[in-house]
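Work through the exercises below with the structure open beside you. Try each task before reading its solution.

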Amino acid sequence: MAYKVLLVEDNTDCRELFAVLVRHLGFQVIEADDGEIGVQKALSEKPDLIFMDIGMPSMSGIKATACLRSCEITKNIPIVICTAWMAEQHREAVLNSGAREILSKPVSIVELQNVLLRYLPAPKEKQLLH
């Protein structure tokens with residue numbers, strides 16, 4: 001069974017591109033278009049890894065990350081923030097919310113693969129990129 005990766009991103013194009021790349025690397029993808037839905041899907045689906053945007057409607061990625069960290073079911077799921085903007089005060093808030101690391105958009109395919117492999121074993125049937 002493939003590991004589940006939750007993509008929480010309000011930009012449809014960005015989320016769909018991430019989903020295609022993550023699926024290509026052999027992982028199952030769950031999608032959410034805002035932080036509130038992302039929290040709900042994390043609780044119900046229990047993904048193995050979460051990629052979270054910061055600026056989203058309804059609930060920011062920082063607030064969603066903090067919420068997931070405070071819940072027994074999701075407190076240990078690695079969360080990687082993916083954002084196009086990162087001022088120093090946001091960096092501190094992101095890390096204080098419980099995110100494991102921060103990726104700056106645009107994220108390269110190799111960088112995405114490296115992050116996935118830091119947290120999840122590589123699917124044996126998929127050819128990884130070099």
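## Exercise 1: Two cysteines

At 24% relative accessibility, Cys 71 counts as partly exposed. This is a predicted model.

**Task.** Find out how many disulfides the structure holds, and explain why Cys 71 is not bonded to Cys 67.

**Solution.**
- Step 1. Recall the bond itself. A disulfide is a covalent bond between the sulfur atoms of two cysteines.
- Step 2. Take the cut-off. The two sulfur atoms must lie within 2.5 Å.
- Step 3. Check Cys 71. Its closest cysteine sulfur belongs to Cys 67 and is 7.1 Å away, too far for a bond.
- Step 4. Count. The structure holds zero disulfides. Cys 67 is in none, and its nearest cysteine sulfur is that of Cys 71.
- Step 5. Add the surroundings of Cys 67. Its relative accessible area is 31%, so Cys 67 is partly exposed.

## Exercise 2: The sheet

**Task.** Give the order of the strands in the sheet, and say which strands stand at the edges.

**Solution.**
- Step 1. Read across the sheet. Five strands form an open sheet in the order β2-β1-β3-β4-β5, and the pairing is parallel.
- Step 2. Look for strands with a single partner. These are β2 (28–32) and β5, so each has one side without a neighbour in the sheet.
- Step 3. Note the twist. From one strand to the next it averages 20°.
- Step 4. Inspect the pair β1 and β3. Four bridges join these parallel strands. Val 5 stands opposite Leu 49 in β3.
- Step 5. Move on to β3 and β4. Three bridges pair them, again in the parallel sense. Here Met 52 is opposite Ile 81 in β4.
- Step 6. Find the helix lying across the sheet. α1 crosses β1, β2, β3 and β4, and runs at about 165° to β2.

## Exercise 3: A covered strand

**Task.** Work out how many residues of β4 are buried, and which way each one points.

**Solution.**
- Step 1. Start from the rule. In a regular strand the side chains alternate between the two faces of the sheet.
- Step 2. Sort the residues. Ile 79, Ile 81 and Thr 83 point one way from β4, while Val 80 and Cys 82 point the other way.
- Step 3. Check burial. Five of the five residues of β4 are buried.
- Step 4. Find a neighbour from a helix. Thr 65 lies in helix α3 (residues 61–69). Its contacts include Ile 79 and Ile 81. Its relative accessibility is 0%, so Thr 65 counts as buried.

## Exercise 4: Two helices, one face each

**Task.** List the buried residues of α5 and of α2, then say where they sit around each helix axis.

**Solution.**
- Step 1. Use the helix rule. An α-helix has 3.6 residues a turn, so residues three or four places apart point the same way.
- Step 2. List those of α5 (residues 109–119): Leu 112, Gln 113, Val 115 and Leu 116. Down the axis of α5 they fall within an arc of 160°, so they line one face.
- Step 3. See what covers them. Among the covering elements are β1, α1, β3, β4 and β5.
- Step 4. List those of α2 (residues 35–45): Gly 35, Gly 38, Val 39 and Ala 42. Their arc is within 100°, so they also line one face of their helix.
- Step 5. Name their partners. The buried residues of α2 pack against β1, β2, β3 and α3.
- Step 6. Check both ends of α2. At the start, a side-chain oxygen of Asp 34 reaches to within 2.9 Å of the backbone nitrogen of Glu 36. Lys 46 follows α2, with a positive phi near 50°.

## Exercise 5: Two charged side chains

**Task.** Identify the side chains in polar contact with Glu 101 and with Lys 105.

**Solution.**
- Step 1. Place Glu 101. This residue lies in strand β5. Its relative accessible area is 16%, so Glu 101 is buried.
- Step 2. Find its partners. The side chain of Glu 101 meets that of Arg 118 at 2.8 Å, and that of Tyr 119 at 2.6 Å.
- Step 3. Place Lys 105. This residue is in the loop between β5 and α5.
- Step 4. Find its partners. The side chain of Lys 105 makes polar contacts with the side chains of Glu 9 (2.5 Å) and Asp 53 (3.4 Å).

Terms used:
Residues numbered from 1 in each chain as written. Predicted model: local features only at pLDDT ≥ 70, side-chain atom pairs only at ≥ 80, totals over all residues. Heavy atoms only, no water. Buried < 20%, exposed > 50% of the residue type's maximum accessible area, 1.4 Å probe, protein only. Helix = DSSP H or I, 4+ residues; strand = E, 2+ residues; numbered from the N terminus. Arc of directions from axis to C-beta. Contact = heavy atoms within 4.5 Å. Pairing = 2+ DSSP bridges. Axes fitted to C-alpha atoms, helices over the stretch in contact; angles between N-to-C directions. Polar contact = N/O pair within 3.5 Å; in protein donor to acceptor, adjacent residues only side chain to side chain.
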